[in-house]
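Here is a short walk through a protein model. Keep the sequence and the 3D view open, and find each part as it comes up.

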Amino acid sequence: MRQAFTLYLRLVSIRIRSQMQYRASFLLDVFSNAVVVGVSFLTLALVLQKFDGIGGWKLWEVAFLYGMVEIAFGLMDMVFSGFDPSFFGKRVRLGSFDQMLLKPVNIEIQVLSSEFVLRRLGRVLEGLIVLILAITNLDIQWTIVKGLYIPIVIGGMVCFFGGLFIVGATITFWTVESIEAINILTYGGNEMMAYPIHIYPDWLRRFFTFIVPGVFMNYYPALYILGKADPFHMPAFATWLAPFVGLATLAASLRFWRFGLAHYQSTGT
Amino acid sequence: MNPIITVQNLSKHFKIPRHQRGAFGALRNLFNRQFSLARAVDGVSFEIQSGALVGYIGPNGAGKSTTLKMLTGLLAPTHGQLCVNGYVPWRERRQYVGKIGAVFGQRTTLWWDLPVVESLTMLQHIYQISKNRFENNLYEFRKLLELDEFLDTPVRSLSLGQRMRADLCAALLHDPPLLFLDEPTIGLDVVAKERIRQFILHINQQHGTTIILTTHDLSDVEKLCERVMIIDKGRVLFDGDLNRLRQRFGGERQLQVDFAEAYPDLNQPGAKIVRQEGNRVTYQFDRRVVSASDLITRISSQYRILDLQVGDPAIEDTVRRIYEERLLEKVG
């Protein structure tokens, strides 16, 4: 385990070093990444300003949701980029995944360290700015638990989205044509979680409650931190589900991955 | 001596989804998938002794790579038994791959954006090679493969030949008793091919490494292997020593002629037309029956020709001949 971890650090440091080779272009990359996502937030902010919020949530309350999910998705997109279905699918197709199978190292560690897209820090940065702005503009009744819960919720979302990436990567063992379907879940889930869930139609809300339980990742923790009432009268523990759902999604996705890998070895490409 | 590789009745069948056409073809594909069965490897058995250098040859799509993928643990067989160096490769892949070396000619095991030497150092950590052993091996391979000129070059900027040399070094740093090479000379020029062959021979003789190599270049086999296995359509057609194969088919040569115009009858006594594409005709002849110069003189006196070329028959033609002559015997 320790050997695998040091190896992971070694491999990731290669990825980071090669991206830092051209410092100026790297910084520009991070910056433009932040600007691109930042602009989309500005558009949202302008609209919300004009209509005075959405579904009873004010601009900065939505910004809180938005900042949280952006930080988490950005971090995930950086750490789990090896499992990004579009990258990974290419690896399977070109046979470089076989080269990983030929090395006597845990395969998940190898996939995880095969990419580390550092410029996603731009998105994390943008999310962080939005979150800080939201917190300073909101009148939150802070407690220690709330303060501690924020990073835990973000960690939970990283696991949750990471799990979806792994599921998507696994599907490419069978077919590369369905990448779009899984992208709806990851990128769509990211979008969906940036807004209060009660603005969506019931069927969509149910889908993201019972099938892909995204609502617990951001919305319920936010209700608690912002001190808002739950319009759906879920049991009180819904507030605390985020880290567990995140870890459970990751664990389940890894089981699915193992199953897919066995299938891959029995069919080839 | 115990064989290092035992393969019994090994098969690998692939289910290939059949695409349905028509307006709702894609939809029907989704719900009612129909498959056709491709027998990439179909009942192959052999044993390989420790220290052997075996050529596994056949035309494209014959099942060479699939066999190699099973031998290296990348694929699980559909039927049959497979035991390599005391392991069942696909079942114990992670432990197993640490004790073999493998080079798939078309791909690199090295890190694309790292200098060669750093890639090799990374492999030292991956295979947990002691510092001493690593340095000794690297020193030896650096000299033999002439790696020094590009040791600090990123892998992505290497030429194909350089990359192959670096990959060979990478595959052997951990002193594997077994080395699998898939098309190690594909796409290389004559000089580069020769250098690679010399190295393969050296590793086999000096380190006692058992080497299995696939190729569709018959001269690889002629220069390297005592034993050759010919596979086609998933089955072993010939397994035995190279001398026997050469005796049987070595007398055969080919003459390719580009005629200036189309002639009705191009048959020549002592030679057989094996291919004809437009005005380009390939004859195959036995040099013990008719010499190349006689044949050329005869043809050029009868017809107007643009160009000609004498060569050894392609492996595809040899395989076809083996088929025709039903030489399905196996020599252990």
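In what order do the six strands of the open sheet in chain B stand? The order is S5-S6-S7-S3-S8-S9, and the pairing is mixed. Bear in mind that this is a predicted model. Now look at the two ends of that row. S5 and strand S9 (235–241) of chain B are the edge strands, with a single partner each, so one side of each has no neighbour in the sheet. On average, neighbouring strands of this sheet are turned by 15 degrees against each other, direction ignored.

Step inside the row next. Strand S3 (residues 53–57) and strand S7 (residues 210–215) of chain B pair in the parallel sense. Five bridges join S3 and S7 of chain B. To locate S7(B) on screen, find B:Thr214, which stands opposite B:Tyr56.

Helices lie across these strands. Helix H7 (residues 190–207) of chain B crosses S3, S6 and S7 of chain B. H7(B) runs at about 155 degrees to S7(B). H2(B) lies across S3, S5, strand S6 (178–182), S7 and strand S8 (227–232) of chain B. The angle between H2(B) and S6(B) is about 150 degrees.

Chain B also has an open sheet of three strands. Its order is S2-S1-S4, and its pairing is antiparallel. The edges are strand S2 (34–49) and strand S4 (79–84) of chain B, each pairing on one side only. Here the average turn between neighbouring strands is 25 degrees, direction ignored. Helix H2 (residues 64–71) of chain B packs on this sheet and touches S1, S2 and S4 of chain B. Its direction makes about 120 degrees with that of S1(B). H2(B) thus deserves a second look: it touches strands of the three-stranded sheet, and it also lies across S3, S5, S6, S7 and S8 of chain B.

Follow one pairing in the three-stranded sheet. Strand S1 (residues 3–18) of chain B and S2(B) run antiparallel, joined over 13 bridges. Within S2(B), B:Gln49 stands opposite B:Pro3.

Next, the space inside. How many cavities of 30 Å³ or more does a search of the whole structure find? The search finds one. The largest cavity holds about 110 Å³ of space. It is lined by 13 residues, and the closest to its centre are A:Leu102, B:Ala102, B:Thr109, B:Tyr127 and B:Ala171. Strand S5 (100–104) and helix H6 (160–172) of chain B each supply at least two lining residues. S5(B) gives the most, with three. By type, the lining has eight nonpolar residues, four polar and one charged.

Finally, zoom out to chain B as a whole. The domain assignment gives domain 1 (5–247) and domain 2 (251–318). The C-alpha centres of these two domains of chain B lie 36 Å apart.

How values were computed:
Residues are numbered from 1 along each chain as its sequence is written. Chains are lettered from A and ligands numbered from 1 in the order in which they are written. This is a predicted model: local features need pLDDT of at least 70, side-chain atom pairs count only at pLDDT 80 or more; totals for chains, interfaces and linings use all residues. Side-chain values use heavy atoms; hydrogens and water are left out. Two strands pair if DSSP finds at least two bridges between them. Helices (H or I, at least four residues) and strands (E, at least two) are DSSP runs, numbered from the N terminus. Axes are lines fitted to C-alpha atoms, for helices over the stretch in contact, and angles run from 0 to 180 degrees between N-to-C directions. Contact means heavy atoms within 4.5 Å. On a 1 Å grid over the protein atoms alone, a cavity is a set of points where a 1.4 Å probe fits but cannot get out, and a pocket is an open set with protein on both sides within 12 Å along at least five of seven lines; lining residues have an atom within 4 Å of a point. Grid points are joined across faces, edges and corners, and a volume is the space filled by probe spheres set on the points. Ala, Val, Leu, Ile, Met, Phe, Trp, Tyr, Cys and Pro count as nonpolar, Asp, Glu, Lys and Arg as charged, and the others, Gly among them, as polar. Domain bounds come from an automatic or database domain assignment.
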